[in-house]
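The exercises below are worked with the sequence and the 3D structure side by side. Try each task before reading its solution.

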Amino acid sequence: MKQFICTVCPRGCRLSVDEDNDYKVTGNTCPRGAVYGRNEAIDPRRTLTSTVKITGARLTRCPVRTSEAIPKKLMSEAMAEINRITVNAPVRRGNVIIPNILDTGINLIATRDME
Ligand code: SF4
């Protein structure tokens, strides 16, 4: 049995997920909690936010995030890839900085304009 706090809404229900019973979720107040609990138990994902080095801009780091949540287990590897690269200004918000990061099918994108 795995335990989670549901983070879908501020109510923060305490969820229990029974891995031996087809990932049945209890403790949820609404169906969204059941989906969240099941996903947390099977394939937990998070949106990664960070910064990358940038040259030719007023600031030295450009804020970035993944366009969707990526598997939590890939966070460290993704950070290592992010720390390896340097981009050149100008960068526009939404520009793809790393396409298909770690073969996830998800892009790393800039979150602000950098002149
Ligand atoms: S189970 Fe439903 S009510 Fe409870 S925290 Fe999650 S989303 Fe909110």
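**Exercise 1. The sheet of five strands**

Task: In what order do the strands of the open sheet of 5 strands lie, and which stand at the edges?

Solution: The model is a predicted one. Read across the open sheet of 5 strands, the order is β8-β5-β6-β10-β9, and the pairing is mixed. β8 and β9 are the edge strands; each has a single partner strand, so one side of each lacks a neighbour in the sheet. On average, neighbouring strands here are turned by 45° against each other, direction ignored.

**Exercise 2. Pairing of the strands**

Task: Work through the pairs β5 with β6, β6 with β10, and β9 with β10: how many bridges join each?

Solution:
- Step 1. β5 and β6 are antiparallel and share 5 bridges. T51 stands opposite P63 in β6. The hairpin of these two strands has 5 residues between them, and within the hairpin G56 has a positive phi near 85°.
- Step 2. β6 and β10 run antiparallel, joined by 3 bridges. R65 is found opposite I109 in β10.
- Step 3. β9 and β10 also run antiparallel, with 2 bridges. V96 faces I109 in β10 as its opposite residue.

The bridges fit a general rule. Strands in a sheet pair through backbone hydrogen bonds, in a parallel or an antiparallel sense.

**Exercise 3. The two faces of β6**

Task: Which residues of β6 are on the covered face and which on the uncovered one?

Solution: Start from the rule that side chains of a regular strand alternate between the two faces of the sheet. In β6 the covered face holds C62, V64 and T66, while R61, P63 and R65 make up the uncovered face. Next, look for a helix. Helix α2, residues 75–84, lies across β5, β6, β9 and β10, and runs at about 15° to β5.

**Exercise 4. The nonpolar cores**

Task: Which residues form the largest nonpolar core, and which elements give two or more residues to it?

Solution: The largest nonpolar core consists of 12 residues: V52, I54, C62, V64, I70, A78, V91, I101, I106, L108, A110 and M114. Two or more of its residues come from each of β5 (49–55), β6 (61–66) and β10. For one member, M114, leave out residues up to four places away in sequence; the contacts are then I54, A57, L59, C62, A89, P90 and V91. There is also a second, separate core, with 7 residues, including C6, V17, V25 and Y36.

**Exercise 5. The sheet of three strands**

Task: Which strands stand at the edges of the open sheet of 3 strands, and which helix packs on the sheet?

Solution: The order is β1-β2-β3 and the pairing is antiparallel. β1 (2–5) and β3 are at the edges with a single partner strand each, so each has one side without a neighbour in the sheet. The average turn between neighbouring strands of this sheet is 25°, direction ignored. Between β1 and β2, which run antiparallel, there are 4 bridges, and K2 is opposite V17 in β2. Helix α1, residues 31–42, packs on this sheet and touches β1, β2 and β3; the helix direction makes about 55° with that of β2.

**Exercise 6. Backbone exceptions**

Task: Where is the cis peptide bond, and are Y23 and D103 exposed or partly exposed?

Solution:
- Step 1. The cis peptide bond joins A89 and P90, with omega about 0°. P90 belongs to the loop between β8 (86–88) and β9 (96–98).
- Step 2. Y23 is not a glycine, yet its phi is positive, near 55°. The residue lies in the loop between β2 (14–18) and β3 (24–26). Y23 is partly exposed because 16 other C-beta atoms lie within 10 Å.
- Step 3. D103, also not a glycine, has a positive phi of about 60°. D103 sits in the loop between β9 and β10 (108–110). D103 has 7 C-beta neighbours inside 10 Å and therefore counts as exposed.

**Exercise 7. The ligand shell**

Task: Which residues are around the ligand, and how many are nonpolar, polar and charged?

Solution: List the residues around the ligand: C6, V8, C9, R11, G12, C13, N28, T29, C30, R32 and G33. Sorted by type, the shell has 5 nonpolar, 4 polar and 2 charged residues.

Conventions
Residues numbered from 1 in each chain as written. Predicted model: local features only at pLDDT ≥ 70, side-chain atom pairs only at ≥ 80, totals over all residues. Buried ≥ 20, exposed ≤ 12 C-beta atoms within 10 Å, placed from the backbone. Near = placed C-beta within 6 Å. Nonpolar A, V, L, I, M, F, W, Y, C, P; charged D, E, K, R; others polar. Core = buried A, V, L, I, M, F, W, Y, C linked by C-beta atoms within 7 Å. Contact = placed C-beta atoms within 7 Å. Pairing = 2+ DSSP bridges. Axes fitted to C-alpha atoms, helices over the stretch in contact; angles between N-to-C directions.
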